[in-house]
Amino acid sequence: MAVVPQEAIHQFEALMDEVDEPLKRTFQLIDSLEWRLQNEIDDMLAKPIVPVDRYRAIRDSQLIGLSGYSNEDLPVFAVGVGLSTLDKASVHYYVQSHIQMNEYRDRVILPAVTKKRGKLVSKCIKILDMTGLKLSALNQIKLVTLISSIDDLNYPEKTQTYYIVNSPCVFSACWKIVKPLLHERTQRKINVLSGCGQEELLKIMDYSSLPHFCRKRSSGSSNYSSDNCYSLDHPFHQLLYNYINQQAVIREPGRPIKHGSVHVTVPENADDEDIAKTLESELEKFKNLERCEQGCQFSSRFGSRVENH
């Protein structure tokens with residue numbers, strides 16, 4: 001019986017890996033398409049989170065926003081990891097909000113930048129602020145892992161670099177637990193910066209695009225810039241909120257407006273207060289429709305930045 005050299009076995013295994021890689025990518029694409037179909041992702045931007053008080057609570061506890069653009073016109077997203085409590089709504093709503101942010105980025109923001117620049121822009125930059133991070137944040141590890149898995153499996157290669165700033169001493173302990181849960185390609189994109197990261201980040205973006213937590217405080221000042229991109233009142237979130245409400249009105253099947261009636265879905269076991277808030281939110285959508293049509297045109301100060309390119 002012939003003995004096969006160990007080196008030949010390794011070469012064969014390497015060859016099989018090369019053959020398998022395209023198949024892996026194909027299966028991943030199929031799985032992602034199936035995920036989109038099962039979860040009606042194509043309609044996600046037509047499903048507003050109601051009532052508005054619930055949506056505001058999510059924005060106040062899942063801190064993320066668009067702070068500007070890099071020198072290469074990549075959208076810069078700020079993420080308040082340390083101060084995000086993720087405890088004001090059910091897991092379902094936080095996941096829905098995260099997916100809506102992804103879809104709005106891919107369907108509205110990136111195409112707008114690509115069109116104005118005349119060159120494909122398909123990635124973004126994320127700056128993760130660890131201010132306020134505590135070990136208790138690990139209580140939300142399941143939700144964080146779920147969101148991370150959604151990004152890794154269904155939105156791969158959408159983030160060019162993750163910059164981590166304002167890391168407290170406890171960050172190292174948390175990182176040892178979280179790092180193994182991240183996909184290897186995601187780990188390779190992570191860059192931990194010193195302090196607030198202002199010096200390094202100014203090499204790739206203007207000061208105006210820096211998130212508020214990356215701007216050094218001047219002497220005698222106790223607060224960062226009031227330009228908080230997390231807030232629902234920030235232009236980016238107003239555009240996103242209006243866009244989703246407009247899409248909901250446009251896509252709502254069989255909406256019987258001509259007959260003077262409106263179909264409203266009320267959660268099971270809802271009390272009078274929940275019903276009242278739901279009705280108020282539905283009425284607000286129609287009241288603001290005209291304003292939505294103007295607001296969703298991506299013409300805020302972020303859109304103006306794109307217009308200039």
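**Notebook: core, helix crossing and backbone**

I looked first at the largest nonpolar core of this predicted model, which has 61 residues, and I found that I99, Y104, I109, I127, L201 and F236 touch the most other members. For this I took a nonpolar core as a set of buried Ala, Val, Leu, Ile, Met, Phe, Trp, Tyr and Cys residues joined through side-chain atoms within 4.5 Å, where buried means under 20% relative accessible area with a 1.4 Å probe and protein chains only. Helix α3 (residues 91-117) gives the most to this core, with nine residues; helices here are DSSP runs of H or I of at least four residues, and strands are runs of E of at least two, both numbered from the N terminus.

I then listed the contacts (heavy atoms within 4.5 Å) of L201, and outside its neighbours within four places in sequence these are I127, Y163, L193, C196, L210 and C214.

On the sources, I note that residues are numbered from 1 along each chain as its sequence is written, and that side-chain values use heavy atoms, with hydrogens and water left out. Since the model is predicted, local features need pLDDT of at least 70 and side-chain atom pairs count only at pLDDT 80 or more, while totals for chains, interfaces and linings use all residues.

Next I checked how α3 meets helix α8 (residues 235-251): the axes come within 11 Å and cross at roughly 90°, the axes being lines fitted to C-alpha atoms over the stretch in contact, with angles from 0 to 180 degrees between N-to-C directions. That makes α3 roughly perpendicular to α8, a label covering 65 to 115 degrees. On the α3 side the contact is made by Q100, M101, Y104, R107, V108 and I109, and on the α8 side by F236, H237, L239, L240, Y243, I244 and R251.

I also looked at helix α2 (residues 52-61), in which Y55, I58, R59 and S61 are buried, and the elements covering its buried residues include β1 (64-69), α3 and α8. In the loop between α1 (6-38) and α2 lies P51, which a cis peptide bond joins to V50, with omega about -5°.

For backbone outliers I noted L86, which has a positive phi of about 55° although it is not a glycine and is buried, with a relative accessible area of 13%.

Finally I checked confidence: the mean pLDDT (the predictor's confidence in each residue, from 0 to 100) of the protein chain is 82, and 72% of its residues reach 70 or more. Over residues 219-226 the pLDDT is below 50, and it stays under 50 over residues 290-307 as well.

Definitions and conventions
Buried means under 20% relative accessible area, exposed over 50%, partly exposed in between (1.4 Å probe, protein chains only). Angles under 35 degrees count as roughly parallel, over 145 as roughly antiparallel, 65 to 115 as roughly perpendicular and the rest as oblique.
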